[in-house]
Amino acid sequence: MKTRLGCLSNKSDSYSDFSEFLPPAHETTARCLKVSTDEVVRWSESFDHLLSHKYGLAAFRTFLKTEFSDENIEFWMACEEYKKIKSSTKLVSKANKIFKEFIDVQAPREVNIDYRTREKTKQSLEDPSPTSLNEVQAKVYSLMEKDSYPRFLRSKMYQDIVKRAHAQGQRRSV
């Protein structure tokens with residue numbers, strides 16, 4: 001996915017802060033995925049649309065890594081996986097893992113949530129259900145939607161992806 005996303009990004013010196021997430025230049029031409037300009041532009045129409053498109057999600061994750069705030073999207077994705085678990089044993093195990101990694105005070109990838117939400121989530125996870133993380137996930141989603149998403153849309157990275165997709169579309173129509 002990073003290779004395919006990389007073909008939309010223009011690797012240059014201005015990308016030195018996140019070039020580690022992009023493939024080497026020689027890899028981009030051979031394995032480049034064509035994402036339409038319309039699709040890339042649609043990412044700016046709604047945060048939901050960005051997250052529902054696998055390359056939009058990959059671009060957003062890469063952007064958050066450049067800002068050292070990828071714990072939010074990683075938490076959101078962990079919650080999405082958590083909701084799909086059917087086994088109660090696996091649910092308990094995954095709930096504990098998510099709590100220790102993202103929610104607990106001083107967790108290695110602690111998300112920014114208020115005390116009340118943290119405590120309510122802790123109580124909810126004493127007897128976990130597929131919906132136990134819904135409230136905290138919604139708060140993190142809202143934070144990303146109001147804060148990180150607008151920065152992503154203004155970023156050079158996203159602007160370059162749009163330009164690159166547009167240029168690819170121009171070449172295809174010639």
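Student: Is Ala-95 buried or exposed, and at what relative accessibility?

Tutor: The general idea is to compare the relative accessible area with a cut-off: under 20% is called buried, over 50% exposed. Ala-95 has 1% relative accessibility, so the residue counts as buried. Keep in mind that this is a predicted model.

Student: Where does Ala-95 sit, and with which residues is Ala-95 in contact?

Tutor: Ala-95 belongs to helix H7, which spans residues 88-103. Apart from neighbours within four places in sequence, Ala-95 is in contact with Tyr-82, Leu-125 and Pro-128. Asp-127 lies 32 residues from Ala-95 along the chain, and the two C-alpha atoms are 9.7 Å apart.

Student: How many helices and strands does the protein have?

Tutor: There are 10 helices and 0 strands. Read from the N terminus, the order of elements is α-α-α-α-α-α-α-α-α-α.

Student: What can be said about the contacts and the surface of the whole protein?

Tutor: Take the contacts with a separation of 6 or more: 62% of them join residues 24 or more positions apart. Buried residues account for 44% of the 174 residues. The protein exposes about 9,700 Å², and 50% of that area comes from carbon and sulfur atoms.

Student: Is Arg-118 buried or exposed?

Tutor: A charged residue is read by the cut-off already used, under 20% for buried. Arg-118 has a relative accessible area of 8%, so Arg-118 is buried. Its place is in helix H8, residues 115-124.

Student: Which side chain is joined to that of Arg-118 by a polar contact?

Tutor: The side chain of Glu-110 is the partner, at 2.8 Å. Glu-110 is also one of the residues in contact with Arg-118 once neighbours within four places in sequence are set aside; the others are Ile-103, Asp-104, Val-105, Val-111 and Ile-113.

Student: How should I read a phi value in the loops?

Tutor: Start with the sign, because most residues other than glycine have a negative phi. Phe-68 has a positive phi, near 55°, and is not a glycine. Gln-106, also not a glycine, has a positive phi of about 65°.

Student: Where are Phe-68 and Gln-106 placed?

Tutor: Phe-68 lies in the loop between helix H5 (54-66) and helix H6 (71-83). Gln-106 is in the loop between H7 and H8.

Student: Are Phe-68 and Gln-106 buried or exposed?

Tutor: Here the cut-off for exposed, over 50%, applies. Phe-68 has 74% relative accessibility, so Phe-68 counts as exposed. Gln-106, at 69%, counts as exposed too.

Technical notes. Residues numbered from 1 in each chain as written. Predicted model: local features only at pLDDT ≥ 70, side-chain atom pairs only at ≥ 80, totals over all residues. Heavy atoms only, no water. Helix = DSSP H or I, 4+ residues; strand = E, 2+ residues; numbered from the N terminus. Buried < 20%, exposed > 50% of the residue type's maximum accessible area, 1.4 Å probe, protein only. Polar contact = N/O pair within 3.5 Å; in protein donor to acceptor, adjacent residues only side chain to side chain. Contact = heavy atoms within 4.5 Å. Areas by Shrake-Rupley, 256 points an atom, 1.4 Å probe, with all protein chains shown as cover.
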